[in-house]
Amino acid sequence: RQKTFRHDLYEEYKGNRKPMPDELHEQVPVLKDVLHAMGVATAELAGYEADDVIGTYASRAHDDGLDVVILSGDRDLLQLAADTTLVAIPKTKSQGTEVEKYYAKDVVAKYNVTPEEFIDMKALMGDASDNIPGIPGIGEKTASAIISKFSSLENAYAHIEEITPNRARENLRTYIEQGRLSRVLAEINRNVPLEMDYHDCKAESEADFYNSESYELLKKLELNRILARFDMASLERPADVEYEVRELSEFPD
């Protein structure tokens, strides 16, 4: 696991996660090769997480007036939701995959906080999966109630005598610095210095993915289910092979 700026702030950040299995780690370069063959751009930058890269491009596109769709199973990305930015979260259920869709109004309806306030809510409740400590004794329900009333961690602390229940008030008083650190860890960086312009990543149509280069690579990898999507008639064929036929007047013994 590569370290990010969050590890510099909090050494234990994501420290409870097991490293990526070797067999999966070995497949990442292959996955990139397949994506690039299909004309799908990829972006990464040392010191930052995928969420930061997504947040940066989503913010750039939003500021340019585009409708943005973020497809991810990571609920942390709800902080990026806006009136024209949709966060779509696939959920696997017994009857199949369903997609939860969140614009800003949907985040408010679900959690009673805005996308921006969602960061402060997480600062209070923490996140066991990322090892973000939060404030002890404050879970999702209490965190939502506090932030919906006071809008931010700092404003809640400024009105600490109004915080209920008592345990939440006293723990916020005791662990305020831990809460502030948790907010920094939870907030997605939307200003990552990425050089690639998203305008250069445009795909004209889905058919562009299924080209001769990607076909040959997928065939080599024996990914037959994806190969079934190719329109064989539309693929470019190699140049005709030159040959000549000679009549044999006598066959060898």
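In this predicted model, the largest nonpolar core has 37 residues. Leu78, Leu124, Ile146, Ile163 and Leu172 have the most contacts inside this core. Many elements feed the core. At least two residues each come from helix H4 (50-63), strand E1 (68-71), strand E2 (85-93), helix H5 (104-111), H6, helix H7 (140-150), helix H8 (153-158) and helix H9 (166-174).

Take Leu78 as an example. Which residues does Leu78 touch, not counting those up to four places away in sequence? They are Val87, Ile89, Tyr102, Val107, Tyr111, Pro115 and Phe118. A second core of eight residues is separate from this one. Val34, Tyr210, Leu218 and Leu227 are among its members.

**Helix H6 and its two partners**

Two packed helices are described by the angle between their axes and the distance between the axes. Helix H6 (residues 115-125) meets helix H10 (residues 176-186) with axes that come within 8 Å. The two axes cross at roughly 130°. An angle of that size makes H6 oblique to H10. The crossing of H6 and H10 is right-handed. On the H6 side, Glu116, Ile119, Asp120, Lys122 and Ala123 make the contact. On the H10 side, the contact residues are Gly179, Ser182, Arg183 and Ala186. What kinds of residues make up the contact of H6 with H10? Three are nonpolar, two are polar and four are charged.

Now turn to H7. H6 and H7 pack at an angle of about 135°, and their axes are 9 Å apart. That angle makes H6 oblique to H7. H6 passes H7 in a right-handed crossing. H6 contributes Glu117, Asp120, Met121, Leu124 and Met125 to the contact. H7 contributes Glu140, Ala143, Ser144, Ile146 and Ile147. By class, six residues of this contact are nonpolar, one is polar and three are charged.

Asp120 appears in both contacts: H6 uses Asp120 against H10 and against H7. Leu124 and Ile146, from the H6 and H7 contact, also belong to the residues with the most contacts inside the largest nonpolar core.

**What H9 and H10 bury**

In H9, the buried residues are Ala168, Arg169, Asn171 and Leu172. Their cover includes H6, H7, H8 and H10. Leu172 is also one of the residues with the most contacts inside the largest nonpolar core.

Which residues of H10 are buried? Ile176, Gly179, Ser182, Arg183, Leu185 and Ala186 are. These buried residues pack against helix H1 (5-9), H6, H8 and H9. Gly179, Ser182, Arg183 and Ala186 are the H10 residues in the contact with H6.

**Exposed positions**

Leu71 is in strand E1. Is Leu71 buried or exposed? Its relative accessible area is 61%, so Leu71 counts as exposed. Leaving aside neighbours within four places in sequence, Leu71 is in contact with Ala88 and Pro90. Leu71 and Lys101 are 30 residues apart along the chain. Their C-alpha atoms are separated by 9.4 Å.

Arg229 lies in the segment after helix H12 (224-227). Arg229 has a relative accessible area of 57%, so it is exposed. Ala207 is 22 residues from Arg229 in sequence. In space, the two are 9.6 Å apart, C-alpha to C-alpha.

**Backbone details in the loops**

Most residues other than glycine have a negative phi, and most peptide bonds are trans. Two asparagines have a positive phi, although neither is a glycine. The table lists them.

| Residue | Phi | Place | Relative accessible area |
|---|---|---|---|
| Asn112 | about 65° | loop between H5 and H6 | 48% |
| Asn131 | about 60° | loop between H6 and H7 | 24% |

Asn112 is partly exposed, with a relative accessible area of 48%. At 24%, Asn131 also counts as partly exposed.

Where is Pro165 found? Pro165 is in the loop between H8 and H9. The peptide bond from Thr164 to Pro165 is cis. Its omega is near -5°.

Conventions: Residues numbered from 1 in each chain as written. Predicted model: local features only at pLDDT ≥ 70, side-chain atom pairs only at ≥ 80, totals over all residues. Heavy atoms only, no water. Axes fitted to C-alpha atoms, helices over the stretch in contact; angles between N-to-C directions. Helix = DSSP H or I, 4+ residues; strand = E, 2+ residues; numbered from the N terminus. Parallel < 35°, antiparallel > 145°, perpendicular 65-115°, else oblique. Left-handed = near helix turned anticlockwise from the far one by under 90°. Contact = heavy atoms within 4.5 Å. Nonpolar A, V, L, I, M, F, W, Y, C, P; charged D, E, K, R; others polar. Core = buried A, V, L, I, M, F, W, Y, C linked by side-chain atoms within 4.5 Å. Buried < 20%, exposed > 50% of the residue type's maximum accessible area, 1.4 Å probe, protein only.
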